[in-house]
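Below are some notes for a colleague who has the coordinates open. They are meant to be read beside the structure, point by point.

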Amino acid sequence: MLFSVVFLDASASNPRNHGVYNAPATSALGVIAYSIFLMFISLPAVILTYRSITTPHRLPYLKPSYSLRILLTPTERRRPWILYLTPGLLAAEILHIAYVVLGLRTLRHLLLPSLSGPEPPRSEDISTSKLIIYFVFVLLSTGILCPLEVIATRLAVQRNHASSEYNSVNQEEEGDVDNVADYYGADEDVIGLRSEKDPYLGLVDCAKKIVVEEGWRALYRGWWITLLFGSFGAFS
């Protein structure tokens, strides 16, 4: 939101400028700049979020540096830009953001220009038939966005490592999380993560391995969450 207000001259009081993937009403170049900035900040946020959810270790509320030592490998802490080189993750985020911000936003601007303007739309300016068509496109978009989100989740939890004795996406096994308290029952596999001896090597490789090993339905786990947020965001 701050990026939109400072650099794109968007209104801070307009609730339409507060959405995660809701680009402000601006020029085509402004939308591209917004998308690039969103991509730049979203990838580290995605990695930290998914790793925080899946880690068996307790993360203190008021010690962010301590938590980062748990969530990130020494390689990632020394060279944080390596997060952007996580195999396939950047491509998944680019496709997701491009589809939502550039694809669906452009479609909404063409079908429902009154919803894309800075002012609240009037009911007489909205075509019911075009509104239904757009909503159908939003529903069908779940078939594209949900697999991208599943793949991004799988790739984000793979930790980058630079040691020659490990694969480039393997986790350090020693000196990484010494003397860290675990959750009760952490000895049980609550969330099954892929073995680090056979990691995903990219977006396409991840999709293929998921389909072969788990079936294509695994790409649509939690599809209703994608559908729910997509429907709310479409008309925000």
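The points that follow take up the core, the cysteines, the salt bridges, the aromatic pairs, one surface patch and one local contact.

1. Status of the model. The coordinates are a predicted model. Every value quoted below should be read with that in mind.

2. Nonpolar core. The largest nonpolar core has 20 residues, and the members that touch the most other members are I47, L89, I151, L155, C206 and I210. Four helices, α2, α5, α7 (128-156) and α8 (203-214), each supply at least two residues of this core. The biggest share comes from α7, which gives six residues. As background, nonpolar side chains in soluble globular proteins tend to be buried together.

3. Cysteines. How many disulfides does the structure hold? The count is zero. Two cysteines can be placed by their accessibility: C206 is buried, at 0% relative accessibility, and C146 is buried as well, at 1%. C206 also belongs to the group of core residues that touch the most other members.

4. Salt bridges, overall. A search of the whole structure returns five salt bridges. Three of them are described in the next two points, beginning with those that involve E214.

5. The E214 network. E214 pairs with R154, with the closest N and O atoms 2.9 Å apart. Because E214 sits in helix α8 and R154 in helix α7, this bridge ties together parts that are 60 residues apart in sequence. What is the N to O distance between R221 and E214? Their side chains meet in a salt bridge at 3.2 Å. R221 is exposed, with a relative accessible area of 52%. Through shared partners, salt bridges join R154, E214 and R221 into one network. E214 itself is partly exposed, with a relative accessible area of 31%.

6. A bridge inside one helix. D205 forms a salt bridge with K209, the closest N and O atoms lying 3.2 Å apart. The two residues are four apart in helix α8, so about one helical turn separates D205 from K209. Is K209 buried or exposed? With a relative accessible area of 16%, K209 falls under the 20% cut-off and is therefore classed as buried. D205, at 22%, is partly exposed.

7. Aromatic pairs. The count of aromatic pairs comes to two. One of them joins F40 and Y84, whose rings are stacked, with 5.5 Å from centre to centre and 15 degrees between the planes. F40 lies in helix α2 (residues 28-54) and Y84 in the loop between α4 (74-78) and α5 (89-111), so this pair ties together parts that are 44 residues apart in sequence. F40 counts as exposed at 51% relative accessibility, whereas Y84 is partly exposed at 23%. The rings of W216 and Y220 have centres 6.2 Å apart and planes at 75 degrees, so that pair is edge-to-face. W216 is exposed, at 54% relative accessibility, while Y220 is partly exposed, at 28%.

8. Nonpolar surface patch. Which residues form a nonpolar patch on the surface? The patch consists of W223, W224, I225, L228, F229 and F232, and together they have about 710 Å² of accessible area. F232 is found in helix α9 (residues 223-234). F232 is exposed, with a relative accessible area of 58%, which is over the 50% needed for that class.

9. P113 and I126. P113 is placed in helix α6 (residues 113-116). Its relative accessibility is 49%, so P113 counts as partly exposed. The class boundary for exposed residues is over 50%. The C-alpha atoms of P113 and I126 are separated by 8.5 Å, and the two residues are 13 apart along the chain.

10. Reading α8 as a whole. Several of the points above meet in this helix. Helix α8 supplies at least two residues of the largest nonpolar core. The helix also holds both D205 and K209, which are separated by about one helical turn. Finally, E214 lies in α8 and its partner R154 in α7, and α7 is the helix that gives the most to the core.

Conventions. Residues are numbered from 1 along each chain as its sequence is written. This is a predicted model: local features need pLDDT of at least 70, side-chain atom pairs count only at pLDDT 80 or more; totals for chains, interfaces and linings use all residues. Side-chain values use heavy atoms; hydrogens and water are left out. Patches are made of residues with over 30% relative accessible area and no salt bridge: like charges are joined within 9 Å, nonpolar side chains (Val, Leu, Ile, Met, Phe, Trp, Tyr) within 5 Å. Accessible areas come from the Shrake-Rupley method with a 1.4 Å probe; for residues, only the protein chains shown count as cover. A salt bridge is a side-chain nitrogen of Lys or Arg within 4 Å of a carboxyl oxygen of Asp or Glu. Buried means under 20% relative accessible area, exposed over 50%, partly exposed in between (1.4 Å probe, protein chains only). A disulfide is a pair of cysteine sulfur atoms within 2.5 Å. Rings of Phe, Tyr and Trp (its six-membered ring) pair if their centres lie within 6.5 Å; planes under 30 degrees apart count as stacked, over 60 as edge-to-face and the rest as tilted. A nonpolar core is a set of buried Ala, Val, Leu, Ile, Met, Phe, Trp, Tyr and Cys residues joined through side-chain atoms within 4.5 Å.
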